[in-house]
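Student: Could you take me through one part of this model closely, starting at the far end of the chain and working inward? I'd like to see how the local geometry links up with the rest of the fold.

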Amino acid sequence: MNKQILKDTAQQLMAGHKGLLAMDESIATCNKRFAEAGIPQTEEYRRKYRELIVTTPKLGECISGAILFDETTKQAAADGTPFIELLVKAGVIPGIKLDEGAKDMPAFPGEKITEGLDGLRERLKNYAAAGLKFAKWRAVIVISDGTPTDGSIYANAHALARYAALCQEANVVPIVEPEVLMDGSHTIERCFEVTQRVLHIVFEVLIQQRIYLEGMILKPNMVVSGISASVQASVDQVAHLTVECLLRCVPAAVPGVAFLSGGQPATDASAHLSAMHVKYKGKLPWALTFSFARAVQQPAMEYWQGKDENVTVAQQLFYKRLSINNAARRGEYTL
Ligand code: 13P
């Protein structure tokens, strides 16, 4: 492990007003979103879509890094330029999703455990040689009457820590993503309590497994009301409870926190991030930014519909969502 490389990459990823782009939908997830938007679910359409994203003009002004799915790392634009090369030319650091998905956890009904540790050291070696400088692993935590259990939180935290250690050994910055899902009718207070428990355990286990905190990034959920809750928390409440929760759990040595959007409406996700910056300007030990997938890509994908003649406008819609989130990082976006 070269601590200086890890620290420098993590700091570059958190620079300025930029954020990260999660364009790492698995084949199954990408196809599901294509099906909803009426786009053919083939490898060529996934390639065309990823070309639209990575060739968006001024992409490098908005994002510092892009998380890719394995298939995308091997694909190229129509003119033959590999996507990884296009990103680097645009000033965007390429990263890779390393987990192999959240599966039903045996003996823990209703809970998930993320797989993908087997053979990870070899995979990391190959990805690092291909120029990928950071990675992501997503754990899924479900809120319901009887969940989450400590059994599932500890198992997921342990997998995150084992992944993070292997990444750091290969000088690849790990993004540690424990996502507490929004699904359910729970209150925002319950989301706070669960997110706090999860983050405490995640950092306990990361420290036990000797993760170099200065060379990692946390990708958490925001603290929000359950998606089907009858009372939805205000923007101010979400901003306040999210930051209070992070302040209790995330060591100051961690350089950055980059939120997932989790299925929040795109404008809500931006308003929440902006309100956090307004309320806590100059008071936070870590950088606070976005690492959204749906909340930045959805309008572009829906407009594109798989048609070449729609690419330019779809790219404009995508750029617009990115620049709104850049404004949010400066505390300049309101609903
Ligand atoms: P969303 O922003 O759509 O939640 O995706 C972020 C992500 O990378 C989930 O793993």
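Tutor: Happy to! Just after helix α13, Gly331 takes a positive phi of about 75 degrees. This is a predicted model, and the protein chain averages a pLDDT of 98, with 100% of the residues scoring at least 70. For the complex, the predictor gives an ipTM of 0.95 and a pTM of 0.98.

Now step back from that glycine into the helix before it. Helix α13 covers residues 311-329, which makes 19 residues. From its first C-alpha to its last it reaches 27 Å, close to the 27 Å expected at 1.5 Å a residue. Its buried residues include nonpolar side chains such as Leu317, Phe318, Leu322 and Ile324, but Gln315, Arg321, Asn325, Asn326 and Arg329 are buried too.

Two other helices are worth setting beside this one. Helix α3 runs over residues 43-54. Its 12 residues should span 16 Å at 1.5 Å a residue, and because its end C-alpha atoms are 16 Å apart, the span agrees. Arg46, Lys48, Arg50 and Glu51 are among its buried residues, along with Tyr49, Leu52, Ile53 and Val54. In helix α1 (residues 3-13), the buried residues are Leu6, Thr9, Ala10 and Leu13. These four cover an arc of only 100 degrees around the axis, so they sit on the same side of α1.

From the helices, let's move to the barrel. Here 8 strands close up in the order β1-β2-β3-β6-β7-β8-β9-β10, and the pairing is parallel. A convenient place to enter is strand β1 (residues 19-23), where 5 of 5 residues are buried. On one side, β1 pairs with strand β2 (residues 63-68) in the parallel sense over 5 bridges, and Gly65 in β2 is the bridge partner of Leu20. To strand β10 (residues 287-292), β1 is joined by 2 bridges, again parallel. There Leu21 stands opposite Phe292.

Continue round to β6 and β7. Strand β6 (residues 134-141) runs parallel to β7, and 8 bridges join them; one pair to look at is Trp137 opposite Val176. Strand β7 itself (residues 173-180) has 8 of its 8 residues buried. Both of its faces are covered: Val173, Ile175, Glu177 and Glu179 are buried on one side, and Pro174, Val176, Pro178 and Val180 on the other.

Glu179 shows how that label is reached. This residue lies in strand β7, and because it has 20 C-beta neighbours inside 10 Å, it counts as buried. A residue needs 20 or more to be called buried. Its C-alpha is 5.5 Å from that of Asn221, although the two are 42 residues apart along the chain.

Next come β8 and β9. Strand β8 (residues 217-218) and strand β9 (residues 256-259) pair in the parallel sense over 2 bridges, and Gly256 is the partner of Ile217. Val257 is found in strand β9; with 23 C-beta neighbours inside 10 Å, it counts as buried. The C-alpha atoms of Val257 and Pro220 are 7.3 Å apart, with their positions 37 residues apart along the chain.

For contrast, try Tyr154 in helix α8 (residues 150-169). This tyrosine is partly exposed because it has 14 other C-beta atoms within 10 Å. Even so, its C-alpha is 7.6 Å from that of Val202, which is 48 residues away along the chain.

Several of these pieces come together at the ligand. The surrounding residues are Ala22, Arg138, Glu177, Leu260, Ser261, Gly262, Phe292, Ala293, Arg294 and Ala295. By class, the shell divides into 5 nonpolar, 2 polar and 3 charged residues. Two of its members have already appeared: Glu177 is one of the buried residues of β7, and Phe292 is the β10 residue that stands opposite Leu21.

Technical notes:
Residues numbered from 1 in each chain as written. Predicted model: local features only at pLDDT ≥ 70, side-chain atom pairs only at ≥ 80, totals over all residues. Buried ≥ 20, exposed ≤ 12 C-beta atoms within 10 Å, placed from the backbone. Arc of directions from axis to C-beta. Near = placed C-beta within 6 Å. pLDDT = per-residue confidence, 0-100. Expected span 1.5 Å × (residues − 1). Pairing = 2+ DSSP bridges.
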